[in-house]
Each structure stands twice: as C-alpha cells, then as structure tokens.
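Got your viewer open? Let's take a walk through this model, one selection at a time.

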Amino acid sequence: MRRVGPLLVERRITPPRSAVIGVSALAVVIALLVAAIIFWGYGVSPWQAYAAIARGTVGSRDGINEILRRSLPLILCGVGLTLAFRAQFWNIGAEGQLLAGAVAATGVALFAPIPGRWLLPTMFAAGFLAGGIWGIVPALLRAKLRVNEVISTLMMNYIMIYIVEWLIHGPWKGATMRGFAYSDFFPAAARLPWIPGSRVHWPTLVIGVAAAVAVALILARTRLGYEIRVVGQSTDAARYAGIDLLRVIAWVMFLSGGLAALAGVGEVAGVHFRLRSPTHISMGYGYTAIIVAWLARGSPLAAVFTALLFGLIFAAGDVIKVALMMPFQITGVFNGLILFFLIGSEMLMYWRVRLAPKGERWTGRAGSSER
C-alpha cells in the first residue's frame with residue numbers, strides 16, 4: 001500500500017470484473033476522443049462525424065445488417081483466439097488460418113465431385129481441417145524446437161497470403177475472369193444463403209454463436225478445458241500434474257486455427273462466391289480478432305460482443321469513406337488507437353485507489369507508506 005497525498009493506492013493480484021469493464025470502457029472512450037482530433041485535423045467537425053457514423057450504422061436497418069456481416073469473421077476468429085490465449089499460446093496467425101479455410105473451401109467448391117446438398121458441409125469441414133492443420137505447425141515448432149510462436153504464426157500469415165496470390169494468378173485463375181486475378185465463381189450449391197433483406201449469411205452466424213458456446217463449455221466442463229487452464233496459469237504446474245503440454249497445445253491450436261478457417265469459408269461462400277485477393281477476403285479480420293480476444297479477457301461468450309463492437313467500427317469505416325469523404329484507412333487508425341489505449345491502461349486494473357479514512361493523520365511523504 002502506498003499513500004499519495006490524501007489517497008491510498010493498493011495493488012491487487014486479480015482485478016474485479018467492474019475494474020476490467022470500467023478501465024476498458026474508459027480506454028475506448030479516450031481512443032474515440034483522440035480520433036475526434038483526427039477528424040478535426042481533416043476539417044470535419046467531430047460532432048458531425050460521429051452523428052453521421054451513428055446514422056449510418058446503428059441508426060438504420062441496413063447499418064445494423066452491415067455491422068452483423070462484418071462481425072461474423074471476427075466472432076469465429078476471436079473465439080478461437082480466446083482459446084489459444086487461455087493456454088498462454090500467443091497465436092497471431094488467425095489471418096493465415098482464415099485464408100487457409102478460404103483456399104480449402106474454394107478447392108472443394110470448384111473441383112470436388114460432391115453432390116450439391118453435401119457441398120457446403122464439406123466446404124466447412126475441409127476449411128476447418130485445413131485451418132487446424134495450419135495452426136498445429138507453430139505448436140509443433142514451439143514444442144520441439146522452442147520457436148517463438150509469435151514469430152512463427154506471424155510469418156505463416158505471409159506464407160498463406162502468397163499461396164493465395166499464386167493460386168489466383170496461376171492454377172486457379174478463372175477462365176471466365178477475363179484477365180482479373182480471381183477464381184471462377186462458385187456453383188449455386190456452394191453459396192451460403194442470406195437473411196432476407198441483408199447480406200448476412202446466417203449459417204456462419206449460427207456456427208459462430210454455437211462455437212462460442214461450445215468453447216465455453218469445453219473450457220468449463222471438460223478435462224481438456226481444465227488442462228488448458230492449468231497450462232495457461234503455469235507450465236511448471238502442468239508438468240507437475242502430469243499434463244502432456246504438446247498434446248494440449250496441439251489441440252488448442254487445431255481448434256483455434258479451425259475456427260478461424262471457418263471464417264474464411266464464410267467469406268468466400270457467403271460474400272465473394274470465389275477466391276479473391278487476400279486483402280479482399282479478409283480485410284485484416286485475423287489481426288483485428290487479436291483485439292477482440294484481448295477485450296474479451298479469455299471469455300468466448302464475451303468475444304461475441306467485442307466482435308460486434310469491431311463490426312461497428314468496420315461499418316463506421318464505410319460511412320467515413322462514403323459520407324465524410326475521408327480515406328477508409330481511418331478504420332485502421334481506430335483499431336490502432338483502441339489497442340494502444342487498452343494495452344496502456346492494463347496496469348490500471350491492478351491498482352485500487354481510494355480516499356484515506358477520515359481522521360487518519362498522514363505524516364509521511366507522498367509515495368511512502370509512513371504515517
């Protein structure tokens with residue numbers, strides 16, 4: 001305990017939920033205030049900017065549908081990353097795992113001789129398997145060769161990006177695309193249905209919410225979930241308890257990569273109906289999902305709501321571009337500011353500040369515990 005003037009500052013080991021929510025909300029508000037300065041620098045009134053964003057997003061049915069559509073890949077990637085982060089495995093590779101799912105789904109949609117009604121389930125199964133295998137690779141590198149997973153998962157993103165570029169410029173370049181770098185369009189049976197009046201592909205929404213519930217149950221009610229929590233708290237304690245670290249990390253990354261890959265299947269089968277450039281398929285969803293999982297604090301169910309928050313930010317980027325005539329890259333600035341202030345405010349959660357009791361005479365110096 002330290003005393004600073006009339007205040008007592010105490011350190012706490014585990015921050016309460018109210019502190020987590022309060023500090024996180026304050027960080028987001030400060031990020032929005034800083035973003036307001038950027039609007040002002042572009043000659044746009046911050047009040048008018050945020051009013052236009054509100055009207056174009058939560059203020060209309062089309063805006064809400066767009067928020068939901070942008071949230072779908074973030075839900076799946078974010079839920080998968082919460083699982084990895086609970087095991088203290090820093091998976092930065094959701095972007096590549098998402099693209100692996102898109103590639104596998106495209107391969108099935110265009111080249112697999114599968115009856116129509118089985119085509120979509122097979123695409124999701126193949127995508128999940130591809131993303132899971134892509135995710136296991138860094139887990140094995142860490143377990144066998146002690147390769148830092150942050151570096152390996154990040155570098156594997158670039159490998160998958162160049163694989164997609166090679167495919168759409170080479171062997172999978174569509175014969176009907178007239179020189180553009182796309183694959184051919186998927187057949188009708190390989191396209192996901194939309195909610196009427198929107199572009200929200202509802203099967204992906206159902207899968208995303210079901211995945212959040214399933215991962216929450218795995219963490220809370222299964223032996224694997226118990227082992228993941230123990231590994232996340234202390235690898236030494238996990239070894240002492242006889243837990244096979246390689247098996248646990250491999251399962252974590254298989255599931256985490258597989259869930260991110262399902263997001264890729266949803267994007268190509270529900271939005272684009274073909275394989276396109278990686279920047280068109282993903283728009284950085286895999287990287288943004290890191291912030292989604294960070295905000296969710298390891299809770300798969302909370303990741304659904306934090307994904308909706310960033311779906312709102314992505315939809316706001318469209319409003320900024322169209323209504324305010326500003327570069328859409330401002331969305332990336334939003335993401336960066338929010339992540340910066342969230343990380344910067346992290347330490348505040350572990351300190352409790354309160355007024356010293358009345359009548360207690362303080363005789364020490366500021367910052368000391370003397371009385």
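Which residues does Ser277 touch, not counting residues up to four places away in sequence? Select Ser277 and look around: the contacts are Glu165 and Ile168. You are now in the loop between α10 and α11 (278-281), which is where Ser277 sits. Ser277 has a relative accessibility of 15%, so it counts as buried, the cut-off being under 20%.

Stay in this loop and pick Phe273, which also lies between α10 and α11. Its phi is positive, about 60 degrees, although Phe273 is not a glycine. Is Phe273 buried or exposed? Its relative accessibility is 14%, so Phe273 counts as buried.

**A word on confidence**

Before going further, keep in mind that this is a predicted model. The mean pLDDT of the protein is 88, with 95% of its residues at 70 or more. Now select residues 366-371: here the pLDDT is below 50, though the stretch has 16 contacts in the model beyond near neighbours in sequence. Where pLDDT is low, don't read the predicted coordinates in detail.

**Two helices side by side**

Next, color α3 (residues 61-86) and α10 (245-272). Two packed helices are described by the angle between their axes and the distance between those axes. For α3 and α10, the angle is about 170 degrees and the axes are 7 Å apart. That makes the two helices roughly antiparallel to each other, because angles over 145 degrees count that way.

Show the side chains where they meet. On the α3 side you'll find, among them, Arg69, Pro73, Leu76 and Cys77. On the α10 side, look for residues including Val252, Met253, Leu255 and Glu267. What classes of residue make up this contact of α3 with α10? There are 15 nonpolar, 2 polar and 2 charged residues.

**Along α5**

Now select α5, residues 116-145. This helix has 30 residues and reaches 44 Å from its first C-alpha to its last, close to the 44 Å expected at 1.5 Å a residue. Pick out some of its buried residues, including Leu119, Phe124, Trp134 and Pro138. You can also spot buried glycines in α5, among them Gly127, Gly131 and Gly132. What do the buried residues of α5 pack against? Turn on α4 (94-111), α6 (149-169), α7 (202-221) and α10 to see their partners. Then step off the end of α5 to Arg146, which follows the helix and has a positive phi, near 55 degrees.

**Over to α4**

One of those partners deserves its own click. Helix α4 has 18 residues and reaches 26 Å from its first C-alpha to its last, close to the 26 Å expected at 1.5 Å a residue. Of its 18 residues, 16 are buried, so α4 is largely enclosed by the rest of the structure.

**Two last stops**

Go to Glu227, in helix α8 (residues 223-233). Glu227 has a relative accessible area of just 4%, so it is buried. Leaving aside neighbours within four places in sequence, Glu227 is in contact with Ile243, Arg247 and Val248.

Finally, select Arg297, in the loop between α12 (285-296) and α13 (300-322). Arg297 is not a glycine, yet its phi is positive, about 55 degrees. Its relative accessibility is 31%, so Arg297 counts as partly exposed.

Definitions and conventions:
Residues numbered from 1 in each chain as written. Predicted model: local features only at pLDDT ≥ 70, side-chain atom pairs only at ≥ 80, totals over all residues. Heavy atoms only, no water. Helix = DSSP H or I, 4+ residues; strand = E, 2+ residues; numbered from the N terminus. Expected span 1.5 Å × (residues − 1). Buried < 20%, exposed > 50% of the residue type's maximum accessible area, 1.4 Å probe, protein only. Contact = heavy atoms within 4.5 Å. Axes fitted to C-alpha atoms, helices over the stretch in contact; angles between N-to-C directions. Parallel < 35°, antiparallel > 145°, perpendicular 65-115°, else oblique. Nonpolar A, V, L, I, M, F, W, Y, C, P; charged D, E, K, R; others polar. pLDDT = per-residue confidence, 0-100.
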